[in-house]
Amino acid sequence: MKLQVLLPLMLFGLLTVIAIIVPASEGIAVNRTQQLTLQRATSMDQIVQRAETAVAADDASGLERYLERFAETYGEAAMVVDSEGKVVSSVGGLELDPQVASLVLAASRTVPQRSISTIYPWSDDTHLVAEPFANGASAASGAVVLEVNQTEAKAQITGWWALVALAGLLLLLLLFAASQFWTSWVLRPVRALDAAANALAEQREPDLAAATGPLELRRLSSSFARMSRGVEDALEQQRGFVAEASHQLRNPLAAIRLRIDALPRDEAEEAALEAVGGDLDRLEHVVDRMLVLADAEHRATAEASGRRTGFADGAAREHLTSAAMLTAPHEERFREEGMRLRFDGGEEIRVACRKSDLEEIVETMLDNARKYAGEGASVTIRFAAAPSSGWSGAVPGEGEPDGALDGRSQPPEAFEAFAAFEIDGPRAVLEISDDGPGVDEDELAQLGTRFWRSPSHRSLPGTGLGLAIVGELARANRATVDYDRAPEGGLRARISLVRTW
C-alpha cells in the first residue's frame, strides 16, 4: 500500500519539478543569447563605421588594424566585402564560401542577418551574422560578416543548467523524503493494525498504543483494539467455562456413582446398573480429558503470547530423551495385548519440551495405536535430530528383540520431511507409525479436531479429544504435529520439537 500512496506523490512531484526546471533553463539560454547578441551588435557597429571610411577613402589599413585587435580580443573571424563582391579586409581565416556569399548578398539588399539563434549546450560553436554599410548613399556599399564564437556562452549555459538540474534533484530528494515521512505517518496505523491482526491470529497480545496517524485511522485502531480485547475475553471465558464446567461436573458424577452403588440390586437390575456405571465411567473420562484439554489450551496460548504463565519455563522445560526412553514404559502393555512396539535409534537428544507433556503425547498416540491399529499390529517410534542426511539408527529385524540395533542405515526417505523443520532453528522429529488400517486420505485433515472420530472407529471406546490434546500440548512447547499415511500402511504422526544443545 505504501507504494500505491508514494508513487502518485512522486509522479506529481516529478511533473512539478520538470514544469519549473524547463522554463528556467529556457530562460537562462534565451537571456545569455540576448547578451551575446547585444555585445556583437556593438562590435558590428564599430566595424561598419570603419568599413564605410575604408571604402570611401580606398584605404583599408585602419580597418585591418581594428579587425586584428578585434580578433585578438574576442577570438572571432571577420570579413568586409564591398558592393562588387571583393574582399576589402579579412581576419581569422574566414573565406568567401557559398554560405558567406549568401549572407553578403542578403545584407547588400539591406536585409541584415543580425539575429543569433537561442544557444543551447548542443548548439554549434560559431554562428555567422552580417550587416550592410552604405557610405552615405541609399544603396549598400558592402557588407560586414562576423563569425560569432558561441563556445563561452555554451559553457556558461551548460554550467547554469547543471546548477538548475542539481537544484531540481535536491528538490526531488526533499520531496521524496517528505513523501516518505507523510506516507509513513499515514500508513503507521495500517502497519500497526496488520501487526495486531497477526498477533491476534497467533494468540499474542496486540500492541496498538503507539499507533499514530490520521484521525480516521486512529479511530480504526481503537476499534480494533476493543475488538481484540473482546475476542481475547471471549476465548478466555470459553477456556474458563470448559475448565469450570468440567470441575463442576465431577461432584455430581461422583454423587450419582455413590447413589447407584448404594442401590439394592437383584439379578434383573444388575446388568442395567452395570451399563449405567459404564456410561458414568465414559462420562468421567470425557470430563477428565476436557480438563486436560483446557489446561493444554491455556498453556499453549500463554506460550504463543510470550507470557508463559502457569507452567515451567527455561531449563525446566529442557530434558534429554531418546526413542528407547519413550518406548520403555509401554512395551509390557503392548506385549500383553499381542502387539509389537519397537523403537528406532538410540541417540539421546535434548529438547525444549516439558517431560510430562512429551510423555503424555507419546502415551496418547500409543493408546490410539493400540485401539485402532488392530490386534497383532506393530508400532514403531523413531526419534532423531533434524535436518539429517540419513537415519543412522536401525530397524529390528525378524527374530530380534524389540529395540535391537543391527547397525543398518535407514534410507533417507524414512525422514523425507526433515527439511521442512529447518525454519526456526534446530529441530528433533518424533515419529510414531503403525501398520494398521489407518484412516482414509480425506480424513487426515480432520485429525486433531475436537470430538471428531473416524466413522470406522466410532464403535470403539474413545472421546475424540486425544489428538486435540496432543496438538495443544505440542503448541504449548512450540512444537508442530503432522499426520500422513505410514509406509507400513497405517497412520504416521510426526512431532517436530525444538532441539537444544
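Biologist: Where is the place of L173?

Modeller: This is a predicted model. L173 helps to make a nonpolar surface patch of about 630 Å², together with W160, L163, L166, L169 and L170. As for its place in the chain, L173 is in helix 4, residues 151-201.

Biologist: Is D261 of helix 5 buried, partly exposed or exposed?

Modeller: D261 lies in helix 5, which covers residues 215-262. Its relative accessible area is 48%. Buried would need a value under 20% and exposed a value over 50%, so D261 counts as partly exposed.

Biologist: What distance separates the C-alpha atoms of D261 and E274?

Modeller: Along the chain, D261 and E274 are 13 residues apart. In space, their C-alpha atoms are separated by 9.8 Å.

Biologist: Which helix gives the largest share of the lining of the largest pocket?

Modeller: The largest pocket has a volume of about 930 Å³. It is lined by 47 residues, and the closest to its centre are T364, D367, N368, K371 and Y372. Helix 6 (267-305), helix 7 (323-336), helix 8 (355-372), strand 9, helix 9 (466-476) and strand 11 each supply at least two lining residues. The largest share is 11 residues, and it comes from helix 8.

Biologist: How many residues of strand 8 are buried?

Modeller: Strand 8 runs over residues 378-386. In a regular strand the side chains alternate between the two faces of the sheet. On one side of strand 8, S378, T380, R382, A384 and A386 are buried, and on the other V379, I381, F383 and A385 are buried too. The number of buried residues in strand 8 is therefore nine of nine.

Biologist: Which strand pairs with strand 8 in the antiparallel sense?

Modeller: Strand 6 (residues 340-344) runs parallel to strand 8 and is joined to it by five bridges; here L341 stands opposite V379. Another pairing of strand 8 has eight bridges in the antiparallel sense. In that pairing I381 stands opposite I432, and the partner is strand 9.

Biologist: Why is strand 11 largely enclosed by the rest of the structure?

Modeller: Strand 11 covers residues 491-498. L491, A493, I495 and L497 point one way and R492, R494, S496 and V498 the other way, all of them buried. Strand 11 is largely enclosed because its buried residues number eight of eight.

Biologist: What is the bridge partner of R427 in strand 11?

Modeller: R427 belongs to strand 9, residues 427-434. Strand 9 and strand 11 run antiparallel and are joined by seven bridges. In strand 11, R427 has as its bridge partner V498.

Biologist: Which residue takes a positive phi in the hairpin of strand 10 and strand 11?

Modeller: Strand 10 (residues 480-485) pairs with strand 11 in the antiparallel sense over six bridges, and D484 has R492 as its bridge partner. Five residues lie between the two strands of this hairpin. The residue there with a positive phi, near 115 degrees, is G489.

Biologist: How many of the 11 residues of helix 9 are buried?

Modeller: The buried residues in helix 9 are G466, L467, A468, I469, V470, E472, L473, A474 and A476. Helix 9 is therefore largely enclosed by the rest of the structure, and its buried residues number nine.

Biologist: What positive phi does R478 take?

Modeller: R478 comes just after helix 9. Its positive phi is about 55 degrees.

Notes:
Residues are numbered from 1 along each chain as its sequence is written. This is a predicted model: local features need pLDDT of at least 70, side-chain atom pairs count only at pLDDT 80 or more; totals for chains, interfaces and linings use all residues. Side-chain values use heavy atoms; hydrogens and water are left out. Buried means under 20% relative accessible area, exposed over 50%, partly exposed in between (1.4 Å probe, protein chains only). Helices (H or I, at least four residues) and strands (E, at least two) are DSSP runs, numbered from the N terminus. Two strands pair if DSSP finds at least two bridges between them. Patches are made of residues with over 30% relative accessible area and no salt bridge: like charges are joined within 9 Å, nonpolar side chains (Val, Leu, Ile, Met, Phe, Trp, Tyr) within 5 Å. Accessible areas come from the Shrake-Rupley method with a 1.4 Å probe; for residues, only the protein chains shown count as cover. A salt bridge is a side-chain nitrogen of Lys or Arg within 4 Å of a carboxyl oxygen of Asp or Glu. On a 1 Å grid over the protein atoms alone, a cavity is a set of points where a 1.4 Å probe fits but cannot get out, and a pocket is an open set with protein on both sides within 12 Å along at least five of seven lines; lining residues have an atom within 4 Å of a point. Grid points are joined across faces, edges and corners, and a volume is the space filled by probe spheres set on the points.
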